[in-house]
Number of protein chains: 2
Amino acid sequence: MNCPVRHVLDRFGDKWSVLILIMLDEKGTLRFNALHHTIPDISQKMLTVTLRTLEADGLITRKIYPEIPPRVEYQLTEMGSSLIPYIDGLAKWALQNMPHILRSRDQYNNKVAFN
Amino acid sequence: MNCPVRHVLDRFGDKWSVLILIMLDEKGTLRFNALHHTIPDISQKMLTVTLRTLEADGLITRKIYPEIPPRVEYQLTEMGSSLIPYIDGLAKWALQNMPHILRSRDQYNNKVAFN
DNA sequence: CGGAATCCGCGTAGATACTG
DNA sequence: CAGTATCTACGCGGATTCCG
């Protein structure tokens, strides 16, 4: 039961963590609002919460510039970067297979509906 | 926003789907109760629900033998099997990095607690 | 044996308002 | 600009009971 897959799902199965890592990989360093613009449909609260968790886990860094107005920059750590290829692998798989899945799901639902 | 990663997370971010796929890959064909024994801490309901969804999506097959007592066997489809390597990739990463993550998290929490 | 049906608690996450 | 604080609701998933 201490299967590593459990850990992956417990940690990254949430709605936003992986997405934020992807964006930081794509764009490099990002400020809070810039990050928010790349993921418009996340709430401010969830963005903050998820960023703090990612920071706590050592997957991203949070650099605060003591200016006014304040500036905070987020960036992948080495460990965070090392996860990206595996996520990209999954994304590639999804790109190829998601259409099949959706069609299969529709067929299944129609079949059930007619019984 | 139609990022493939979103699809992956929406579909496999749930608590049990990926785990069931792993088990079916490891053990090959499995009956309902056999599968339940390999994942003891899933409820009967969630096992059923998750299996149905995986079947609907074309990731596993569900073969019913009209016997008494009934027998139902679950098995990966080709598409289901094709996902396994990518999950294994993530698992490998987790095995290497999860300890770091947990230690980092502890340190972070202690730091916060002392402020 | 392999489910279906129902009820319900809890946690995640959204909305809103406020702040250094 | 980059958050915090609070309140709330929705739905996932657990427990239980019953069935062919």
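Which residues of the largest nonpolar core touch the most other members?

## The nonpolar core

In this predicted model, the largest nonpolar core holds 70 residues, and those that touch the most other members are Phe12(A), Ile20(A) and Leu21(A) together with Phe12(B), Ile20(B) and Leu21(B). In soluble globular proteins, nonpolar side chains tend to be buried together.

Phe12(A) can be followed in detail: leaving aside residues up to four places away in sequence, Phe12(A) touches Ser17(A), Val18(A), Leu21(A), Leu59(A) and Leu83(A) within its own chain, and Leu9(B), Trp93(B) and Ile101(B) in chain B.

## The surface near DNA strand C

Around DNA strand C there are 19 residues, of which Lys45(A), Thr48(B), Arg52(B), Arg62(B) and Tyr74(B) come nearest. Sorted by class, this surface has 8 nonpolar, 7 charged and 4 polar residues. On the DNA side, 64% of the strand C atoms within 4 Å of the protein belong to sugar or phosphate, while the rest belong to bases.

## Polar contacts and contributing elements

Chain B supplies several polar contacts to the backbone of DNA strand C: an N or O atom in the side chain of Arg31(B) lies 2.9 Å from a phosphate oxygen, and a polar backbone atom of Asn33(B) lies 3.2 Å from a phosphate oxygen. A polar backbone atom of Pro70(B), in turn, is 3.3 Å from a sugar or linking oxygen of the strand.

The elements that give two or more residues to the surface near DNA strand C are helix 4 (44-56) of chain A and, from chain B, helix 3 (32-38), helix 4 (44-56) and strand 3 (71-76). Helix 4 of chain B gives the most, with 4 residues.

Methods. Residues numbered from 1 in each chain as written. Chains lettered and ligands numbered in written order. Predicted model: local features only at pLDDT ≥ 70, side-chain atom pairs only at ≥ 80, totals over all residues. Heavy atoms only, no water. Near = heavy atom within 4 Å. Polar contact = N/O pair within 3.5 Å; in protein donor to acceptor, adjacent residues only side chain to side chain. Nonpolar A, V, L, I, M, F, W, Y, C, P; charged D, E, K, R; others polar. Core = buried A, V, L, I, M, F, W, Y, C linked by side-chain atoms within 4.5 Å. Buried < 20%, exposed > 50% of the residue type's maximum accessible area, 1.4 Å probe, protein only. Contact = heavy atoms within 4.5 Å.
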